[in-house]
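Got the viewer open and a selection box ready? Let's take a walk through this one, stop by stop.

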Amino acid sequence: MSANTQPGIDHQGAHPLDDLIRTDRIPHIWCPGCGTGTAFSSCLTAIKATGIPYNQFTMVSGIGCSGRAAGYIKIDSFHTTHGRAIPFASGIKMARPDLNVIVFSGDGDLFAIGGNHFIHAARRNMDMTVICVNNLIYGMTGGQVAATTPSKAKTTTTPFGNPDAPFNLPLMAYAAGASYVARWTILHVRDLTNAINEALLKKGFSFIEVLAPCPVNYGRRNKQKSLDTLRLYREKTIIRNGADPARADIDFGRGVILGTFIDRDRDTCDELYDATCRRNED
Amino acid sequence: MAFWRQPLDTQEIHITKGLVTIIEDRCKGCGYCIEFCPTHMLAFSDRFNKKGYHPPQTSRPDDCVNCHYCEIICPEFAIYSVEAP
Ligand code: SF4
Ligand code: SF4
Ligand code: SF4
């Protein structure tokens, strides 16, 4: 301990996740109170908890604030073009079926520009884990309305409030064929970590939606400081495992359902490909 | 009449003690750890870190129960707890 080090204050840094982050890039770029950091940290804890060697994982992310995650994790990772994280990840999985492929990206990247890729990866049951940090807005580009912005919420492009209904992501994942579908918030970080851990060990297409505050671009225009958003997550959510995803739309006035919606087994893309196209090879 | 009774295993329940550590220069002062620590033992300090934020500090380090909640809610990898020696 150096002379100016106080007990309980660590100036060197020996955080338990330091072996999984590129510490030379920390502090990361995410704003104070941004939920992406917590979702990312939860994902790293879940990776660690599987006990699988780190070199058997890879992380792929798209464009947006949460897309930066691929640059902070200390394993092989890919920061891809906008909306295309899932196609890149599918390519990796087809070439290296032994890898555990994680897609970590935002709602805009995965469900607006990349929406079609999501649908078809779920339909084909690509064996991967998709973690969507849903902050209800386009954060990086300055707070424009997104496909996930709740009705009536104010954004730079909806100054009178959003006239449209937001996407119900768990319903869409279920309808397209995902094997595992869950939703948590960053406040429920223990459940979130358990869900990511389950999803990583699950065969098939797993999808986890993480509600996370964007205090700078969503919160500021909707009179929510980051702590207010976390209190909303505590007061206006209902934990109901096995709930019907059709009831999972995001309306904080009525209450937002959290939990594991779907956990089912289907043949994966890789298994079906082997059985159909490689059956005469041996 | 006493409405509650002493649970039978009070003597055996072992409350873990933790030692919380703050990596000050990583903190961005979001206050999540302070707000959600179950023993409310953290508070903003008056000091500034390198980036100009006030990192948390504690005046009651012995209250830490090593629940790790501050560690897992922190978006910045700036705080963690270990079991007290
Ligand atoms: S703009 Fe929003 S989502 Fe992006 S880093 Fe800042 S708080 Fe997070
Ligand atoms: S480990 Fe738990 S009790 Fe200790 S400081 Fe962190 S949140 Fe508080
Ligand atoms: S949660 Fe982390 S970043 Fe936020 S105040 Fe606590 S130590 Fe600082």
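Start with chain B, which has two helices and four strands. Colour chain B from the N terminus on and you can follow the elements in the order β-α-β-β-α-β. Keep in mind as you click around that this is a predicted model. Chain B has 85 residues, and buried ones make up 44% of them. Switch on contacts for chain B and keep those with a separation of 6 or more: 57% of these are between residues 24 or more positions apart.

**Stop two: the annotated stretch of chain A**

Now move to chain A and select residues 63–210. An unreviewed UniProt entry annotates this range as "domain: Thiamine pyrophosphate enzyme TPP-binding". In the model, the chain over that range is 35% helix and 20% strand. Put a distance label on the C-alpha atoms at its two ends and you should read 17 Å.

**Stop three: strand β3**

Next, pick residues 100–106 of chain A, which is strand β3. How many of the residues of β3(A) are buried? Seven of the seven are, so the strand is largely enclosed by the rest of the structure. Look at the strand from either side to see how that plays out. One face carries A:Asn100, A:Ile102, A:Phe104 and A:Gly106, the other A:Val101, A:Val103 and A:Ser105, and every one of these residues is buried.

Bring in the neighbouring strands. Strand β1, residues 57–61 of chain A, pairs with β3(A) in the parallel sense over four bridges. To find a spot on that seam, select A:Thr58, whose bridge partner in β3(A) is A:Val101. β3(A) also pairs with strand β4, residues 128–134 of chain A, again in the parallel sense and over five bridges. Two places to click here: A:Val103 stands opposite A:Val130 in β4(A), and A:Gly106 has A:Val133 as its bridge partner in β4(A).

**Stop four: A:Ser105**

Stay in β3(A) and zoom in on A:Ser105. Is A:Ser105 buried or exposed? With a relative accessible area of 0%, A:Ser105 is buried. Its side chain has a polar atom 3.2 Å from the backbone nitrogen of A:Gly62. Expand the selection to its contacts beyond four places in sequence and you pick up A:Ser61, A:Gly62, A:Ile63, A:Ser66 and A:Leu110, along with A:Ile131, A:Cys132 and A:Val133.

**Stop five: on to β4 and β6**

Slide across to β4(A), which is mostly covered, with seven of its seven residues buried. As before, check the two faces: A:Met128, A:Val130, A:Cys132 and A:Asn134 sit on one side, A:Thr129, A:Ile131 and A:Val133 on the other, and all are buried. Then add strand β6, residues 205–211 of chain A, which runs parallel to β4(A) and is joined to it by seven bridges. A handy pair to label is A:Thr129 and its bridge partner in β6(A), A:Ser206.

**Stop six: a buried arginine**

Select A:Arg183 in strand β5, residues 180–185 of chain A. At 0% relative accessibility, A:Arg183 counts as buried. What does its side chain reach? A polar contact of 2.9 Å joins it to the side chain of A:Glu209. A polar atom of the A:Arg183 side chain also lies 2.8 Å from the backbone oxygen of A:Ile257. Show the surrounding contacts too: leaving aside neighbours within four places, they include A:Pro170, A:Leu211, A:Ala248, A:Ile250, A:Val256 and A:Phe261.

**Stop seven: helix α4**

For a change of scene, go to A:Ile113 in helix α4, residues 107–113 of chain A. A:Ile113 counts as partly exposed, at 39% relative accessibility. Beyond four places in sequence, A:Ile113 is in contact with A:His82, A:Gly83, A:Arg84 and A:Gly108. Try a C-alpha distance to A:Ala147 as well: the two residues are 34 apart along the chain, and the label should read 9.9 Å.

**Last stop: ligand 1**

Finish by centring on ligand 1. Which residues surround ligand 1? Show A:Trp30, A:Cys31, A:Cys34, A:Cys65, A:Asn135, A:Gly139, A:Cys214, A:Pro215 and A:Asn217 as sticks. Colour this shell by class and you get six nonpolar residues, three polar ones and no charged ones.

Definitions and conventions. Residues are numbered from 1 along each chain as its sequence is written. Chains are lettered from A and ligands numbered from 1 in the order in which they are written. This is a predicted model: local features need pLDDT of at least 70, side-chain atom pairs count only at pLDDT 80 or more; totals for chains, interfaces and linings use all residues. Side-chain values use heavy atoms; hydrogens and water are left out. Buried means under 20% relative accessible area, exposed over 50%, partly exposed in between (1.4 Å probe, protein chains only). A polar contact is a pair of N or O atoms within 3.5 Å; within protein, one must be able to donate a hydrogen and the other to accept it, and residues adjacent in sequence count only if both atoms are side-chain atoms. Contact means heavy atoms within 4.5 Å. A residue is near a molecule or strand if one of its heavy atoms lies within 4 Å of it. Ala, Val, Leu, Ile, Met, Phe, Trp, Tyr, Cys and Pro count as nonpolar, Asp, Glu, Lys and Arg as charged, and the others, Gly among them, as polar. Two strands pair if DSSP finds at least two bridges between them. UniProt positions are given in the numbering used here, feature names are shortened, and annotations may be inferred rather than shown by experiment.
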